Amino acid sequence: MFCKRFLPCVLSVLFFWDAAQAEQPAVYPGYIEKVIDADTFRVSVLVWPTIIVQVNVRVAKIDAPELIRPKCAYEKELAEKAKNLVQALLSESKGKVLLYAVSTADKYGRISAIIITRAGADIGAELLKAGLAKSYTGGKRQSWCDEQKN
């Protein structure tokens with residue numbers, strides 16, 4: 001008799017608790033192992049207590065100049081400035097970050113996430129504010145080399 005009344009209550013609590021948790025974005029603590037360029041990092045991410053995975057993470061919603069294969073000298077110059085800014089932001093928090101709004105892997109195997117340093121800096125927002133990144137929501141990216149002419 002007790003089980004017939006208790007079990008539906010427990011199940012409904014678990015159902016609504018899961019629904020409430022689903023509305024909250026996942027937050028993962030991590031440590032930046034390597035800055036590849038201003039918007040791509042190699043990160044050790046704590047996905048569960050005692051379980052750490054290394055993954056390449058791209059900063060969500062921005063496009064920063066390419067450091068690896070720049071299309072012109074101006075893009076390379078901007079890319080170096082952007083990387084220096086990111087390294088300065090990370091040094092304040094000793095490389096410790098939080099990853100929010102994590103997406104599935106892209107065609108290069110990178111996940112996309114909003115990256116906040118332990119000091120509270122949003123890396124994407126700081127790059128945008130400094131003019132070292134552009135908003136990006138997908139599709140063809142704008143050239144950094146065209147801006148040099150303006």
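Here is a walk through this structure, from its overall layout to a few individual residues.

Let's start with how far to trust what you see. This is a predicted model, and the protein chain averages a pLDDT of 84, with 81% of the residues scoring at least 70. That confidence is not spread evenly. Helix H1, residues 2-23, has the lowest mean, at 44, while helix H3, residues 123-129, has the highest, at 97. Within the H1 region, pLDDT stays under 50 over residues 6-22, and the model gives that stretch one contact beyond four places in sequence. Where pLDDT is low, the predicted coordinates should not be read in detail. As you turn the model on your screen, then, please treat the drawn position of residues 6-22 with caution, since their pLDDT is under 50.

Now for the overall layout. The protein chain holds four helices and seven strands. If you trace the chain along its sequence, these elements come in the order α-β-β-β-β-α-β-β-α-β-α. Of its 150 residues, 33% count as buried. Contacts that link distant parts of the sequence are well represented: among contacts with a separation of 6 or more, 53% join residues 24 or more positions apart.

One such link between separate parts of the chain is covalent. The model contains one disulfide, formed by cysteine 72 and cysteine 145, whose sulfur atoms are 2.2 Å apart. Cysteine 72 sits in the loop between strand E4 (62-63) and helix H2 (73-92), and cysteine 145 belongs to helix H4 (residues 145-149), so the bond ties together parts that are 73 residues apart in sequence. The angle about the S-S bond is -110°, and the link is left-handed. Are the two cysteines buried or exposed? Cysteine 72 counts as buried because its relative accessibility is 19%, under the 20% cut-off. Cysteine 145 is buried as well, with a relative accessible area of 14%.

Next, have a look at the open spaces. The largest pocket has a volume of about 610 Å³. Its lining is made up of 21 residues, and those nearest its centre are Asp37, Glu66, Arg69, Arg110 and Arg141. Strand E1 (27-37) and strand E3 (51-59) each contribute at least two residues to that lining. Sorted by class, the lining of the largest pocket has 11 charged, six nonpolar and four polar residues.

The second largest pocket has a volume of about 290 Å³. It is lined by 15 residues, with Arg58, Asp106, Arg110, Tyr136 and Arg141 nearest its centre. Here the classes come to six charged, five polar and four nonpolar residues. You may recognise two names: Arg110 and Arg141 are listed nearest the centre of the largest pocket and nearest the centre of the second largest pocket.

Arg110 also leads us to threonine 40, a residue of strand E2. Leaving aside neighbours within four places in sequence, threonine 40 is in contact with Val35, Val57, Arg58 and Arg110. Threonine 40 has a relative accessible area of 7%, so it counts as buried. Its C-alpha lies 9.9 Å from that of aspartate 63, a residue 23 positions away in sequence.

Serine 93 is another buried residue, with a relative accessibility of 7%. You will find serine 93 in the loop between H2 and strand E5 (96-100). Apart from residues up to four places away in sequence, serine 93 touches Thr117, Arg118 and Ala119.

Finally, two loop residues are worth a look for their backbone angles. Most residues other than glycine have a negative phi, and most peptide bonds are trans. Which sign does phi take at threonine 50? Its phi is positive, near 70°. Threonine 50 is in the loop between strand E2 (40-48) and E3, and at 78% relative accessibility it counts as exposed. Alanine 101 also has a positive phi, near 50°. Alanine 101 lies in the loop between E5 and strand E6 (111-117), and with a relative accessible area of 42% it is partly exposed.

Terms used: Residues are numbered from 1 along each chain as its sequence is written. This is a predicted model: local features need pLDDT of at least 70, side-chain atom pairs count only at pLDDT 80 or more; totals for chains, interfaces and linings use all residues. Side-chain values use heavy atoms; hydrogens and water are left out. pLDDT is the predictor's confidence in each residue, from 0 to 100. Contact means heavy atoms within 4.5 Å. On a 1 Å grid over the protein atoms alone, a cavity is a set of points where a 1.4 Å probe fits but cannot get out, and a pocket is an open set with protein on both sides within 12 Å along at least five of seven lines; lining residues have an atom within 4 Å of a point. Grid points are joined across faces, edges and corners, and a volume is the space filled by probe spheres set on the points. Ala, Val, Leu, Ile, Met, Phe, Trp, Tyr, Cys and Pro count as nonpolar, Asp, Glu, Lys and Arg as charged, and the others, Gly among them, as polar. A disulfide is a pair of cysteine sulfur atoms within 2.5 Å. Buried means under 20% relative accessible area, exposed over 50%, partly exposed in between (1.4 Å probe, protein chains only).
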